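Work through the exercises below with the sequence and the model open. Try each task before reading its solution.

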Amino acid sequence: MFIKRDDYKISIANGLLVVGLILAAGVTVYSLLKPPIESSLSRGIEVALKSKADFFESQIEEGLVDSYAMATHPYLIQSLLQVNAQPGSTHAMRDMKREIDSLLLAGFTAITVYDINSNQAMQGGHFSQNQSQKFPLHAYPNSFLTWDDNQLILHMRKEVLGQDEELIGSITIEKSLPQLNRILTNIGEIGKTTEFMVCEPLEVGGHEIACLLSRADGIAFKQLSPLAKGVALPISHALEGKSGILTLKEDNQVPRVAAYTPLGTFGMVLMQDKNEFYAPMTEQIKIIAASLIVLIIIGILLLSWLVLPLMHKLASSERRARERLKECKCLHEIRRDMERNLQENEFYQKVIVCLIKAMQFPEITSVMIQLDDKQFVSDSYNKDSMHRLQAQIEVNDRIYGSLHVVYSEDQPFWLPEEQDLIDTVASVLGRWIEREQAKQSIIQMATHDVLTGLPNRYLLQDRLRQVLAHNRRTQEQAAVLFVDLDHFKNINDSLGHAVGDLLLQEVAERLNGAIRTEDTVARHGGDEFIILLQNITSSQEAKLVAQKILNELIRSFYIHGKELHIGGSIGIALFPSDGNDVKTLLRSSDIAMYHAKKSGRNNYQFFSPELNQEMAEKESVELG
């Protein structure tokens, strides 16, 4: 079969037409792909920088919270008070060294304790030597970050206050930040030309800035000017509180793409050579060019077959980037709410709302936070749904609860991304619960007696002031009962302090059982207890409670198989007749208690002006 000349021309024309159509399609595809790819890459570097900024901020705040907690550590305060009271005491110094050693095991690299005269009491660990390379934390007094021995270290000095908020000394602490070190040292994983910069003004309002510059070939500390040849650098925009992305064009150098964002008083910049930054787009262009050659051979029909998967992949990548941005925003909001001292229920509801917004299908998402004895759920939560993800909430290395996320319809989760988010939120909740429990423990230790668990004298005085202020407004009465145990010293001396302590605990339980829930039993010290009866109508109510207490104390106590017998002497002072303030009421009840002891013990006595006169005369004779 022969091909005529016209058929040949038609074949050439058809071939050229196919080539032209394919080339036009290639140019069109390139034009369509370039803007979304550039936009996706830009958003990617911004999301990466924002994620590092949030993590950087959370690590610094966590280090500061841990450091501030050390300054309020009750055992450290107790050791420092002993050093102030007995300078040079071997016992006090040994206690302080034990506390410092325990803190060093908790993750601190160096600790120095100063007494009330600013003299160094004790030092543990090794402080950084190169503190010239430091970032001042202007938002936190006496605190800065320093770069020494290839690691980032948090350095701060904090005053130590006693129970009455008086200054008893100070503490200087250094803590390594290993998570931030990993960010700085692993920056080369993003790209060979990637640079990560964290900067802070050397002083408020100053022009010089301290910068930690991380590249693939190492980390360097520099002092820079925010201007180069009169042009503001990206770091200057970040230090002004701005976020964005721009291209730097420097003489005889490859242009660079820089994303910048603020971080408190810090500024952060992530830079990359433009060639490497757009390398993913360049690779896509090569694929398209190769596809065009193949398409010229096999025809236009395969063009759409090659392009459509790429478009779907690009759309999926952009969608995933949006989801990651939502997750970063969710974690940032949760960590911010952790610092706002919210009530428990309000905090968990905010976590639930934030987590729902971060999921792929928020309109059909519901969340449940299950703790030991509590449960927090979103609206329309369906516990029987099969489309769910969950993570355990661990507190102090034990399972404290769980976090459940449920889709009400049959929709796929984005695994492992959404599971990772839920795991992270569960971990954050565990840290928040640990911190809240630590706060409650510190408050309990400061306001309650360690042996009996009763309110101590400081909490008692606070409750007394509140009750008296309320009763003055309502014209109601109150009573203070001063209870002193009879014959307790004999038991303590003969059977030992261990038996005495157990006996005091039994006494505390019986006293608590003898009063109303709104009343207060407090340990005043030794074998003395104070009972506050609020809102009574007459002295008869105080008399009945006093007799009930005497009946409880006269009953036998059984400690370690031994039958013990004690009694009690009770002094009663009434508000407002026997005193109009805390100090007077306590003194009046104390005087009445001594009268009860003189009257033969195991009885109660009301305060009277005659008793006060008798006590004053006795004190006058003793002083004379």
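**Exercise 1. A surface patch**

Is I297 buried or exposed?

Solution. This is a predicted model, where local features need pLDDT of at least 70, side-chain atom pairs count only at pLDDT 80 or more, and totals for chains, interfaces and linings use all residues. Residues are numbered from 1 along each chain as its sequence is written, and side-chain values use heavy atoms, with hydrogens and water left out.

Start with the cut-offs: buried means under 20% relative accessible area, exposed over 50%, partly exposed in between (1.4 Å probe, protein chains only). I297 has 68% relative accessibility, so I297 counts as exposed. Next, place the residue. I297 sits in helix α7, residues 279–298. Helices (H or I, at least four residues) and strands (E, at least two) are DSSP runs, numbered from the N terminus.

Now look at the neighbours. I293, V294, I297 and I298 make a nonpolar surface patch of about 400 Å². Patch residues have over 30% relative accessible area and no salt bridge; like charges are joined within 9 Å, nonpolar side chains (Val, Leu, Ile, Met, Phe, Trp, Tyr) within 5 Å. The areas come from the Shrake-Rupley method with a 1.4 Å probe, and for residues only the protein chains shown count as cover.

**Exercise 2. The disulfide**

Find which cysteine is joined to C199, and give the handedness of the bond.

Solution. Apply the rule: a disulfide is a pair of cysteine sulfur atoms within 2.5 Å. The count comes to one disulfide. C199 is joined to C211, with S to S at 2.0 Å. The torsion about the S-S bond of C199 and C211 is about 115°, so the disulfide is right-handed. The pair links distant parts of the chain: C199 is in strand β7 (residues 195–201) and C211 in strand β8 (residues 209–215), 12 residues apart.

Check the burial. C199 is buried at 0% relative accessibility. C211 is buried too, at 1%.

**Exercise 3. A second link between β7 and β8**

Which residue forms a salt bridge with E195?

Solution. A salt bridge is a side-chain nitrogen of Lys or Arg within 4 Å of a carboxyl oxygen of Asp or Glu. By this rule the count comes to 13 salt bridges. R215 pairs with E195, their closest N and O atoms being 3.1 Å apart. R215 lies in strand β8 and E195 in strand β7, so the pair ties together parts that are 20 residues apart in sequence. R215 is partly exposed at 30% relative accessibility, whereas E195 is buried at 14%.

**Exercise 4. Salt bridges of D486 and D493**

Describe the salt bridges of D486 with K597 and of D493 with K489.

Solution. Take D486 and K597. Their side chains meet at 2.8 Å, N to O. D486 lies in strand β19 (residues 477–486) and K597 in helix α15, so the pair ties together parts that are 111 residues apart in sequence. D486 and K597 are both buried.

Turn to D493 and K489. Their closest N and O atoms are 2.8 Å apart. Both residues lie in helix α12 (residues 488–495), four residues apart, about one turn of the helix. D493 is exposed at 53% relative accessibility. K489 is exposed at 57%.

Finish with the network: salt bridges that share partners join D484, D486, K597 and R601.

**Exercise 5. Two helix faces**

Which residues of α2 are buried, and what arc do they cover?

Solution. Check the length first. The expected span of a helix is 1.5 Å times one less than its number of residues. Helix α2 (residues 74–85) has 12 residues and should span 16 Å; its end C-alpha atoms are 16 Å apart, which agrees. The buried residues of α2 are L76, I77, S79, L80 and V83. They cover an arc of only 165° around the axis, which puts them on the same side of α2. The arc is that of the directions from the helix axis to the C-beta atoms.

Repeat for helix α4 (residues 178–185). L180, N181, I183 and L184 are buried there. These buried residues fall within an arc of 160° seen down the axis of α4, so they line one face of the helix.

**Exercise 6. Backbone checks**

Where is the cis peptide bond, and what is the phi of N535?

Solution. The bond from F575 to P576 is cis, with omega near 10°. P576 sits in the loop between β24 (567–575) and α15 (582–598). N535 has a positive phi of about 60° although it is not a glycine. N535 belongs to strand β21, residues 528–536.
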